[in-house]
Amino acid sequence: MPSGIRMRDGRRLAFEEWGDPGGTPVVLLHGTPGCRHGVVPQEVIAARPGVRFIAYDRAGYGDSDRGPGRRVAQAARDVATLADALGLGRFAVLGRSGGAPHALACAALLPTRVRRVAAMASLAPPTTEGLNWFEGMAASNVDEYTRALTDPVDFADRLASRAAAVRADPAQLLASIRDGLTDSDRRIIATPAVSDMLLRNYRESLRTSAYGWIDDNLALLSHWGFDPARITRPVLLWHGALDTFSPVGHFEWLARQIPRARPVLDPDGGHFAALEALPDVLDWLCATPRTDG
């Protein structure tokens with residue numbers, strides 16, 4: 001069983017730690033759907049002996065209680081409370097896929113606590129000037145997000161049915177998004193270490209309900225509760241140019257908006273190429289140049 005803390009509103013937040021208890025703390029924010037097991041493969045963790053990895057289940061996923069109506073910005077409050085409970089001073093944050101906007105929330109709203117942030121394969125906010133939000137996006141994602149915007153009750157019912165199917169066979173989730181997978185994505189997720197991590201991640205994330213998945217999508221499609229342009233911390237934006245779940249236009253928009261963004265674009269990468277980029281991204285996160293402030 002994971003450890004847990006009680007939030008001010010009474011919710012339980014489940015988390016786990018790996019690595020060096022005295023190492024550089026890095027808080028990991030999982031994708032959508034996801035849980036504490038689905039951010040960094042164990043082999044990458046084992047290769048970073050000087051890092052203290054901390055991951056938690058966002059509200060409604062795994063062993064964390066639901067937080068109905070949550071915004072993306074809530075991640076900053078949850079991370080701050082978790083950091084206080086663990087006695088952390090300053091720390092780095094890494095978010096991948098659906099976790100990346102939540103990592104940006106930490107950069108925006110916790111400027112005195114967060115050293116650096118890596119946002120990998122991030123979506124942009126839904127109401128943005130100069131961005132066609134759905135352009136280049138896989139049909140499966142367009143359908144899901146459009147349904148959430150136009151008929152949220154039907155959207156929730158359908159996602160609950162999908163979650164039940166994924167609980168029975170987690171591989172069904174990867175099959176359902178096959179229209180958006182590149183050849184490199186298929187190669188990466190076929191790797192035993194990655195495949196095992198993803199299947200465990202999907203099963204655990206939806207083990208109790210579909211609420212985390214439902215609430216994540218609704219939060220990503222609503223006002224995030226912060227302005228990326230007001231982020232003052234160093235942010236590494238990593239993206240695959242061939243990504244159809246978070247199209248490259250989202251990356252380009254964020255790179256223009258975030259003042260201290262360091263954009264890194266893999267010209268041949270898809271969505272899951274972020275997993276192969278993790279070692280270099282973690283090296284950047286754990287570095288301590290004077291310019292970090």
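Colleague: In what order do the 8 strands of the open sheet stand?

Modeller: This is a predicted model, in which local features need pLDDT of at least 70 and side-chain atom pairs count only at pLDDT 80 or more, whereas totals for chains, interfaces and linings use all residues. Residues are numbered from 1 along each chain as its sequence is written, and side-chain values use heavy atoms, with hydrogens and water left out. Strands (E, at least two residues) and helices (H or I, at least four residues) are DSSP runs numbered from the N terminus, and two strands pair if DSSP finds at least two bridges between them. The pairing in this sheet is mixed, and its order is E1-E2-E4-E3-E5-E6-E7-E8.

Colleague: Which are the edge strands of that sheet?

Modeller: An edge strand here is one that pairs on one side only. That applies to strand E1 (3-6) and strand E8 (261-266).

Colleague: In which sense do strands E3 and E4 pair?

Modeller: Strand E3 covers residues 24-29 and strand E4 covers residues 51-56, with 5 bridges between them. Within this pair, Leu28 stands opposite Ala55 in E4. The sense of the pairing is parallel.

Colleague: What angle does the direction of helix H3 make with that of E6?

Modeller: Contact means heavy atoms within 4.5 Å, while axes are lines fitted to C-alpha atoms, for helices over the stretch in contact, with angles from 0 to 180 degrees between N-to-C directions. Helix H3 (residues 100-109) packs on the sheet and touches E3, strand E5 (91-96), strand E6 (114-120) and strand E7 (235-240). The angle between the directions of H3 and E6 is about 160°.

Colleague: What radius of gyration does the protein chain have?

Modeller: The chain holds 11 helices and 8 strands. The globule rule, 2.2 Å times the number of residues to the power 0.38, gives 19 Å for 293 residues, and the chain comes close to this, so it is as compact as a globular protein of that length. Taken over C-alpha atoms, its radius of gyration is 17 Å.

Colleague: What percentage of the residues count as buried?

Modeller: Buried means under 20% relative accessible area, exposed over 50%, and partly exposed in between, with a 1.4 Å probe and protein chains only. Among contacts between residues at least 6 apart in sequence, 79% join residues at least 24 apart. Of the 293 residues, the buried share is 58%.

Colleague: Which peptide bond is cis, with omega near -10°?

Modeller: Most peptide bonds are trans, and most residues other than glycine have a negative phi. The proline of this cis bond, Pro33, has its place in the loop between E3 and helix H1 (42-46). The bond runs from Thr32 to Pro33.

Colleague: What is the relative accessible area of Ala121, which has a positive phi although it is not a glycine?

Modeller: Ala121 lies in the loop between E6 and helix H4 (139-150), and its phi is about 60°. Ser97, in the loop between E5 and H3, also has a positive phi, near 60°, and counts as buried at 15% relative accessibility. Ala121 is buried too, with a relative accessible area of 0%.

Colleague: How many disulfides are there?

Modeller: A disulfide is a pair of cysteine sulfur atoms within 2.5 Å. The cysteine sulfur closest to that of Cys106 belongs to Cys286 and is 16 Å away, so the two are too far apart for a bond. By this rule the number of disulfides is 0.
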